[in-house]
There are 2 protein chains.
Amino acid sequence: MIGRQMASSLERRTGVSLWRQITDQILHSIAVGEFAENAALPPEVALAERYGVNRHTVRSAIAALVQDGVLRAEQGRGTFILSRKRLSYPIGSRTRFSEGLQGQALERRSVLLVSVVEPASRRVAEGLGLAKGSNVIRLETRGEADGQPVSRATSWFDAGRFAGIDAAMAETGSVTASLERFGIGDYLRQSTVLSARHADAADLADLDLQPGAIVLVTVAVNVTPDGQPIQFAETRFPAERVELKLSAL
Amino acid sequence: MIGRQMASSLERRTGVSLWRQITDQILHSIAVGEFAENAALPPEVALAERYGVNRHTVRSAIAALVQDGVLRAEQGRGTFILSRKRLSYPIGSRTRFSEGLQGQALERRSVLLVSVVEPASRRVAEGLGLAKGSNVIRLETRGEADGQPVSRATSWFDAGRFAGIDAAMAETGSVTASLERFGIGDYLRQSTVLSARHADAADLADLDLQPGAIVLVTVAVNVTPDGQPIQFAETRFPAERVELKLSAL
DNA sequence: AAAATTTGTCTATTGATTTAGACAATTATA
DNA sequence: TATAATTGTCTAAATCAATAGACAAATTTT
């Protein structure tokens, strides 16, 4: 049991409804292994007592998780956990989307949603070592594992050097493969900054999340082996489906 | 501007109240630099239109942020951003609490909240390479920078090998210094797993957060240079005050 | 077959959130 | 000084969240 397993007290009058807080608690209990996979959840009356709320409030929480495909309720029998383990996404100096998930998912791919050419913002320009306002290509992509969205990335490339990378991405569905066409055989992750926040409306839609969901956010710069920046990217991972494993190197 | 800067539409009937969603949006806008520091926020009427809600709903959001010390409202003038920048906490194979924050905070320390001896859970036993049920020392600590809580850690040590580490922690206020007393001159971070969730009631209190706040969670194993596990730890960082910078991976 | 357990549905009531409108109080601007 | 812009306060109504109780429906246990 990680952390204090305390009286699970909920907070009222906080802008986050009780049923919503309870869905978080249940998800956490599943993740920590307190509610075993494929087993039944404690009955509604027991949960209501445990959380100190009315049975109907627990039912709202359960209904949301059923809707979300995490639980299945059967009248007369109980409510069962449909174990969807979180993917463990490796992150380190040689992070590649598809490589890392080997063995955890059967089918993985990266879908190109949007590509546009635009002037670089100050932040992007700094990351790529370009003058502010230089043209950059922005790619919006979604990563999927076994058909379920597991990441949502916005990445920028120097438009001069990588003209046509959008077409390559659409065709190959892989950043690594696309960069090879521009003579980049190897690249490294120079820096990664990590944060977390509530998913915005766009990510909710793209990642198929329920409102209020949390995303892990990485902001990274990829460079060639000799230190030349080639890609600046912000990636959002749904915290309920993904954990990031920092690989020692 | 990172990500799509879209019509900031909010989601209704989600268990997260609109004013609560708006506080998140405002915090995000500050973090991204859209609302500059020490400047005035757009007036309430403008924000209400932008988010598509009533002015009073925006006022609730602002009231929460004023309460939280992020904003200051002045009648007749406007609402101003006080916003302390987020700390950038380095994390890598040689992460030390105090070293990493050099130059970002004047005063930093680690406070021991609780220490108990208890039998190891399966998860802790696996992390430390002990038999399940072996006695371990659990330390609950809070990290502070300039008086503000920035981390909340739960860590476990083999009770046989590190008897008295609680006293050493209380005295020195440092894991590194305490381990030195047990002949551990150097240690490395073997693995780190990263996730995010809503803060539970205990962390809300210890980290001085408003309900609904998000925490970044790291689960790490520290080992001696020859690979012997010495510490298993789960640390929670308030996402609104801290970002993690992955270094030297 | 009967009893107990558990989820599903319904009605009613109370409290919190959101909208709406009006106007006061304070500060900046013309 | 007058006007405009902005935050602060109040009242009232509509909608959402939570509590309460009763009973139906399905399943398991006795």
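## Two protein chains and two DNA strands

On DNA strand C, 61% of the atoms within 4 Å of the protein belong to sugar or phosphate, and the rest belong to bases. Welcome to a predicted model, in which chains A and B both contribute residues to the surroundings of DNA strand C. Chain B can be laid on chain A by a turn of 180 degrees, with an RMSD of 0.2 Å. Here is a tour, starting with the DNA and moving on to the helices and the pairing of the chains.

**Around DNA strand C**

- This strand has 24 residues around it, and the closest are A:R55 from one chain and B:L18, B:W19, B:H56 and B:T57 from the other.
- Several elements each supply at least two residues of the nearby surface: α3, β1 (71-74) and β2 (78-81) of chain A, along with α1 (18-32) and α3 of chain B.
- Among these, α3(A) provides the largest share, three residues.
- Sorted by class, the surface near DNA strand C holds twelve polar, seven charged and five nonpolar residues.

**Polar contacts to DNA strand C**

- A backbone N or O atom of A:E44 sits 3.0 Å from a phosphate oxygen of the strand.
- From the other chain, B:N54 places a backbone N or O atom 3.0 Å from a phosphate oxygen of DNA strand C.
- A:R59 uses its side chain instead, with a polar atom 3.3 Å from a phosphate oxygen.

**Around DNA strand D**

- Which residues come nearest to DNA strand D? Of the 24 around the strand, they are A:L18, A:W19, A:H56, A:T57 and B:R55.
- Sugar or phosphate accounts for 61% of the atoms of DNA strand D within 4 Å of the protein, and bases make up the rest.
- At least two residues of the surface near this strand come from each of α1 (18-32) and α3 (55-67) of chain A, and from each of α3 (55-67), β1 (71-74) and β2 (78-81) of chain B.
- The element that gives the most to this surface is α3(B), with three residues.
- The classes here are five nonpolar, seven charged and twelve polar residues.

**Polar contacts to DNA strand D**

- The side chain of A:R77 has an N or O atom 3.1 Å from a phosphate oxygen of DNA strand D.
- In chain B, the side chain of B:Q75 brings an N or O atom to 3.5 Å from a sugar or linking oxygen of the strand.
- B:G76 takes part through its backbone, where an N or O atom is 3.4 Å from a sugar or linking oxygen of DNA strand D.

**How α2 meets α3**

- In chain A, the axes of α2 (residues 44-51) and α3(A) come within 8 Å and cross at roughly 105 degrees. The helices α2(A) and α3(A) are therefore roughly perpendicular to each other.
- On the α2(A) side of this meeting are A:E44, A:V45, A:L47 and A:A48, and on the α3(A) side are A:R55, A:V58, A:R59 and A:I62. This contact has five nonpolar residues, three charged ones and no polar ones.
- In chain B, the axes of α2 (residues 44-51) and α3(B) cross at roughly 105 degrees and come within 8 Å. That makes α2(B) roughly perpendicular to α3(B).
- B:E44, B:V45, B:L47 and B:A48 of α2(B) meet B:R55, B:V58, B:R59 and B:I62 of α3(B). By class, the α2(B) and α3(B) contact has three charged, five nonpolar and no polar residues.

**How the two chains are related**

- What turn lays chain B on chain A? The turn is 180 degrees, with a shift of 0.2 Å along the axis. That is the relation of a two-fold axis.
- Both copies use the same surface, and 98% of the contact residues of chain B recur in chain A.

Notes
Residues are numbered from 1 along each chain as its sequence is written. Chains are lettered from A and ligands numbered from 1 in the order in which they are written. This is a predicted model: local features need pLDDT of at least 70, side-chain atom pairs count only at pLDDT 80 or more; totals for chains, interfaces and linings use all residues. Side-chain values use heavy atoms; hydrogens and water are left out. A residue is near a molecule or strand if one of its heavy atoms lies within 4 Å of it. A polar contact is a pair of N or O atoms within 3.5 Å; within protein, one must be able to donate a hydrogen and the other to accept it, and residues adjacent in sequence count only if both atoms are side-chain atoms. Helices (H or I, at least four residues) and strands (E, at least two) are DSSP runs, numbered from the N terminus. Ala, Val, Leu, Ile, Met, Phe, Trp, Tyr, Cys and Pro count as nonpolar, Asp, Glu, Lys and Arg as charged, and the others, Gly among them, as polar. Axes are lines fitted to C-alpha atoms, for helices over the stretch in contact, and angles run from 0 to 180 degrees between N-to-C directions. Angles under 35 degrees count as roughly parallel, over 145 as roughly antiparallel, 65 to 115 as roughly perpendicular and the rest as oblique. Contact means heavy atoms within 4.5 Å. Copies are superposed by least squares on the C-alpha atoms of residues with pLDDT of at least 70 in both.
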